[in-house]
Amino acid sequence: MKLRTKLWLSLVISAALSMVLFGYTTVWIGKAANKGYALLELNPLAQSVVDAVEEHPEFQLDALKQTLDRAHADHPAIRWVWLDDQGHSIYDTAGMNPTFTFHDLAMLMRKMPERYLKDNEVPILTPATKNGQTYFLLMSVPASAMKQGEVYFLIRKLSSLLTLVLPLILSFSVPFVVALWLFSTLNKRIRKLNLALNQLNIQSDSPLVELVDTSKDELGQLSQHYNSMAHRIRSQFAEIQQFENKRRLLLSNLSHDLRTPLTTMLGCAEMIRSGNYEDQKELQTRAKIILQRCRYMDKLLDQMLDISRHDAGNLTIRLENHNFSEIVRKIAAEYIMVLDGDQIHLDVEIPDEDIHLPIDAPLMERVLRNILDNAIRYGKDGRYLGIQLFAEEHAVNMIVRDKGKGIPPEHQAHIFERFYRVDSGRQGEGLGIGLAIVKDIVEAHDGSIEMSSMPNVETVFRIRVPR
Ligand code: ADP
């Protein structure tokens, strides 16, 4: 059922219920708490006593006294006086037997409505006839015996009903109209929200439909939450998709990167097994190829292991005091040997004094090797490799420079992201994991890594580790 129908139903039902409730409660509460004679009951009551007196054909004083005393016994608050047509009382239940002139009675009747309203006695005069003789029954009811509140609603014509009821309907309908207006505006806003939620498409590239609701109430807040939630979902979905694409690329690169060296290794191993080589030199070359490919595969598998370890939250570092300059010196010496004959100018600047640092030495060595490998692999065109180490008061800086093709500006912001490679199409050149691991390790040492690159001029990686 629609909300609008529900509201109408609830309004009509509650209005009907409230009317019934009003009727019942006023009658019950009136009966229980508003006891006494109603004005309209007095005339029939007096007439019933007159009828009882008139029942006897002959006038007998005893019979009259008996009837009035019985009436008095039934209604002790009321005084009953029987008058002849001259105003002399024949019997008075109060025992005072007054005499009234016509003027007195006329005044009593004239002032009756006023006396009724002003808490005085209410007189009712009823004529009676007996044996052709006229009598009067004067009934006097004290205000205390009357109902303490009475409401009269007099309708003589249907049009008068309208004039009485119309203002009532108008005044009662004001809260209904206000509630209806409020509800329909709320309903409109809820419908908008509903529509927006229905149309929310997290995959589409079309711009998001923002809900405009400047109100500060709960629905306004809900709209704001919807807007920010929709944006968050969109961007998270885009991130997940990007990540998924990278993961797929990684898998295809990985299988390629593992299969290519494996094919070469199989060929070389087969040649060695069958003795199908020319001389000792060729044997050495084939063995060297197998060794190189093994190392490469070992490195790839290491990186994969690192990533999965890191995903499982297992990248733990064991800090111990180490001579950092000694470590850099050792690694630099290795690279000098490796690059010997490659016509790469090596520029190493390491201070003579020892720089001691609390580090995880094997992990830090991996960091340096990774950056140096990249500089050689991607920057060899520049024929330059610079390694520089220097200490400041609060930190130790390690800088690796090359003058190769560098990293184009549009790629620089992403270079430390997982699986990010500048030339993502080329296979066999790594998986784009190395720098992400480097960054994780440096940050685990509370350090930082920065990169700046001007293609074909200079590419610099700078690592800072606090002392
Ligand atoms: P990979 O295993 O692909 O080398 P890295 O995370 O180590 O992964 O490097 C990410 C990418 O950054 C590389 O694919 C390469 O394109 C680029 N890169 C890294 N170092 C350099 C450098 N010194 N010169 C040019 N490009 C570099």
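In this predicted model, helices α6 and α7 run roughly parallel to each other, because the angle between them, about 10°, falls under the 35 degrees that counts as roughly parallel. Helix α6 covers residues 158-199, and its axis sits 11 Å from that of α7. On the α6 side, the contact is built from Leu-186, Arg-189, Ile-190, Leu-193, Ala-196 and Leu-197. Helix α7 answers with Leu-219, Gly-220, Leu-222, Ser-223, Tyr-226 and Met-229. Sorted by type, the residues of this contact come out as 9 nonpolar, 2 polar and 1 charged.

Helix α7 (residues 218-274) also packs against α8 (residues 280-311). Here the axes come within 9 Å and cross at roughly 155°. That angle is over 145 degrees, so α7 and α8 count as roughly antiparallel to each other. Their crossing is left-handed. From α7, the contact takes in Leu-250, Leu-254, Asp-257, Leu-258, Pro-261, Leu-262, Thr-264, Met-265, Cys-268, Ala-269, Met-271 and Ile-272. From α8 come Glu-282, Leu-283, Arg-286, Ala-287, Ile-289, Ile-290, Arg-293, Cys-294, Tyr-296, Met-297, Leu-300 and Met-304. The tally for the α7 and α8 contact is 19 nonpolar residues, 1 polar and 4 charged.

Another helix pair is made up of α2 (residues 39-54) and α3 (residues 61-74), whose axes lie 9 Å apart at an angle of about 155°. These two helices are therefore roughly antiparallel to each other as well. In this case, α2 passes α3 in a right-handed crossing. Val-49, Ala-52 and Val-53 of α2 make the contact with Leu-64, Thr-67, Leu-68 and Ala-71 of α3. That gives 6 nonpolar residues and 1 polar one, with no charged residues in the contact of α2 with α3.

Turning to the ligand, 20 residues surround it. The closest are Asn-374, Tyr-378, Asp-402, Gly-432 and Leu-435. Asn-374 uses its side chain, where an N or O atom is 2.8 Å from an oxygen atom of the ligand. For Leu-435, the backbone does the job: one of its N or O atoms lies 2.7 Å from a ligand oxygen. Gly-434 also offers a polar backbone atom, 3.3 Å from an oxygen atom of the ligand.

Key:
Residues numbered from 1 in each chain as written. Predicted model: local features only at pLDDT ≥ 70, side-chain atom pairs only at ≥ 80, totals over all residues. Heavy atoms only, no water. Axes fitted to C-alpha atoms, helices over the stretch in contact; angles between N-to-C directions. Helix = DSSP H or I, 4+ residues; strand = E, 2+ residues; numbered from the N terminus. Parallel < 35°, antiparallel > 145°, perpendicular 65-115°, else oblique. Left-handed = near helix turned anticlockwise from the far one by under 90°. Contact = heavy atoms within 4.5 Å. Nonpolar A, V, L, I, M, F, W, Y, C, P; charged D, E, K, R; others polar. Near = heavy atom within 4 Å. Polar contact = N/O pair within 3.5 Å; in protein donor to acceptor, adjacent residues only side chain to side chain.
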